[in-house]
Amino acid sequence: MADWTANSTDALHLSLVRANKDKEVLGVNESYENFHPTFTYPIYGEDEKVYGYTDLVIDLRLASGSLSQFLNITYSAKLPSSSTIDDVRGTLEKFIPEGYHQTEAEFLARVEEDASSFRPLGKKIHSYTRIAPNSTTKGKGAATTLPEDHPDAVVYEVWHATWNTPGFREYHRRMQLFILLYIEAGSYINEEEDSWEFVVLYEKRKRRATPVTETYHFVGYSSLYPFYCFPDKVRLRLSQFVIVPPYQRQGHGSALYNAIYQYVLTRPSISELTVEDPAEAFEDLRDRNDLAMLLGHAAFMAEGLGSDAVSHDGGRVARTRTTAKSKAAAGKLGPPADRAWLERWRKDLKIAGRQFHRLVEMLIELHLNPADTRAAKAYRLQVKERLYRFNYEVLVQLEERERFEKLEETFQSVREDYQRILAMVR
């Protein structure tokens, strides 16, 4: 039986296909074709197994910008149709839009056509640049930026859309498959819920042509949903967030998250940005970027740490250990932190309560002098109070001694995690 059973995650090959002229400008190590999903259990079942074929290949290609699709199934042998075999094509067809291309020539012609005509849908809200991988410009990487019109610049644009954006509903049906394939327990959203908002990230790449021709390529997206917030605002919940594998580990996830956050700050109707049940990797991304934002916020850091706070290196603040007599101890971060001051800044920065207080605790941890017993005790009590409130229903059921021990154990675990996160942003 094993010879006729294939792992659906290994069998599914994904490609973001570019037009020939777009491939000419790619760097040696750039590859956007023939990568695999992380999960296929939402499609092919919990075991991620497909029965009835040998050497099975599920070839799903998408035009890199428009996401027009081509699906082809190949195998070296198949059990007779009278046997109980899995319907590979029919199963996948339930999760992709109708009308996908079934001949390679037809699909490649569509790729060439869409490359010239496709443009992002909605409104551009942010852009940033990176140096092209095939550039001879020094200082390649995320830390170096170029003007958008520089010949060696690759531009990345963030676009905002809703169901009311012409053509976006159909586009979303083509891109939502990535949610199932790369987000644990990911699922499709309900199109009948009108309030959904979307933020999509694209690469805009120049061709070797005169006049200059630029084409767009899908990088990733996030879906957002507003909830009523008394008395007259909404909380915007970040529900789904995905960057496709060819663009991962290059800082694009952070760029997209920060673009969303900055967009939230521009909208008076939004009270705060929240995140729905974040995965560990996304929680780290969120923590790193939120913490970097606070460290680079001159007014917040000056008030929080007192007059000794000095911003440098793109907004980071020098690590200074507080003592009982230091000027930095006069800052609003304390410890203990000034609660009224914290709430005022939390509202201004539109950060959800638990997240903001965790960030504040990290900042105190960063500047805390362990030899200052007064400050160390105040910090410990501040963190434990938050943990107690957050875990109240569980802790209240424990005996007093066990409750104290559990709180201390959790406190030490939280501090270790804070140190891990702080090490990423120093």
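In this predicted model, strands β2, β5 and β6 form an open sheet of three strands, in the order β2-β5-β6 and with mixed pairing. β2 (12-17) and β6 (69-74) are the edge strands, and each of them pairs on one side only. Ignoring direction, neighbouring strands of this sheet are turned by 15° against each other on average.

β5 covers residues 57-63 and runs antiparallel to β6. Six bridges join these two strands. One pairing can be named: Val57 has Thr74 of β6 as its bridge partner.

A helix packs on this sheet. It is α5, residues 104-117, and it touches β2, β5 and β6. The direction of α5 makes about 25° with that of β5.

Now the largest pocket. It holds about 1,100 Å³ of space. Its lining counts 39 residues, and those closest to the pocket centre are Tyr182, Ile183, Phe241, Ala279 and Phe282.

Several helices and strands contribute to this lining. Each element in the table supplies at least two residues of it.

| Element | Residue range |
|---|---|
| α7 | residues 177-182 |
| β11 | residues 214-229 |
| β12 | residues 233-243 |
| α8 | residues 252-266 |
| α9 | residues 280-295 |

Which element gives the largest share of the lining? Strand β12 does, with seven residues.

The lining of the largest pocket can also be sorted by class. It has 21 nonpolar residues, 11 polar residues and seven charged residues.

Definitions and conventions:
Residues numbered from 1 in each chain as written. Predicted model: local features only at pLDDT ≥ 70, side-chain atom pairs only at ≥ 80, totals over all residues. Heavy atoms only, no water. Pairing = 2+ DSSP bridges. Helix = DSSP H or I, 4+ residues; strand = E, 2+ residues; numbered from the N terminus. Axes fitted to C-alpha atoms, helices over the stretch in contact; angles between N-to-C directions. Contact = heavy atoms within 4.5 Å. 1 Å grid on protein atoms, 1.4 Å probe; cavity = no way out; pocket = protein on both sides within 12 Å on 5 of 7 lines; lining within 4 Å. Points joined across faces, edges and corners; volume = space filled by probe spheres on them. Nonpolar A, V, L, I, M, F, W, Y, C, P; charged D, E, K, R; others polar.
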